[in-house]
Amino acid sequence: MASKYAFNSALRELRFHLCQTADHSAAARSFLMKSYPTMKKHNPSTPILIREASGTEPKVWARFEFGKEKMLPLNGLDEKAIESQVTELVQTSI
């Protein structure tokens, strides 16, 4: 699981947006509960932010060097698909 979350050196921040009450964010929340400790352990200097607000669609944002950002929607995905999306995102270079 460690190599799966080896962040690209250009990644400056990983940010998750979720709804604290809606069911459409349940898979993303579950993914974070399981994966956050591993991601943080292997990338201690990279901020991993979790933002919850009512009515928010689940999304993940990656901010890279020079202020470039990439967003992926997580709505309708199960935990396995979210894991795949996040893994691809953190290893991407823009």
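**Exercise 1.** What covers the buried residues of α2? Work this out on the structure above, which is a predicted model.

*Solution.* Start with the helix itself. With 13 residues at 1.5 Å a residue, α2 should span 18 Å, and its end C-alpha atoms are indeed 18 Å apart, so the two values agree. Next, pick out the buried positions: in α2 these are Ile82, Glu83, Val86, Thr87, Leu89 and Val90. Looking down the helix axis, you will find these buried residues within an arc of 165 degrees, so they line one face of α2. Turn to the other side of α2, and you meet Lys80 and Glu88, which are exposed. Finally, look at what lies over the buried residues: the cover includes β1, α1, β3 and β4 (69–73).

**Exercise 2.** Which residues have the most contacts inside the largest nonpolar core?

*Solution.* This core holds 21 residues, and the ones with the most contacts inside it are Phe7, Leu14, Phe16, Phe31, Met39, Val60 and Val86. Two or more core residues come from each of β1 (11–18), α1 (26–42), β3 (59–64) and α2 (79–91). Now take Met39 as a worked case: leaving aside residues up to four places away in sequence, Met39 touches Tyr5, Phe7, Leu14, Phe16, Phe31, Leu32, Ile48 and Val86.

**Exercise 3.** Is Asn43 buried or exposed?

*Solution.* First locate Asn43, in the loop between α1 and β2 (48–52). Then check its relative accessibility: the value is 8%, and buried means under 20%, so Asn43 counts as buried. To see its surroundings, set aside residues up to four places away in sequence; Asn43 then touches Tyr5, Ala6 and Phe7.

Terms used:
Residues numbered from 1 in each chain as written. Predicted model: local features only at pLDDT ≥ 70, side-chain atom pairs only at ≥ 80, totals over all residues. Heavy atoms only, no water. Core = buried A, V, L, I, M, F, W, Y, C linked by side-chain atoms within 4.5 Å. Buried < 20%, exposed > 50% of the residue type's maximum accessible area, 1.4 Å probe, protein only. Helix = DSSP H or I, 4+ residues; strand = E, 2+ residues; numbered from the N terminus. Contact = heavy atoms within 4.5 Å. Expected span 1.5 Å × (residues − 1). Arc of directions from axis to C-beta.
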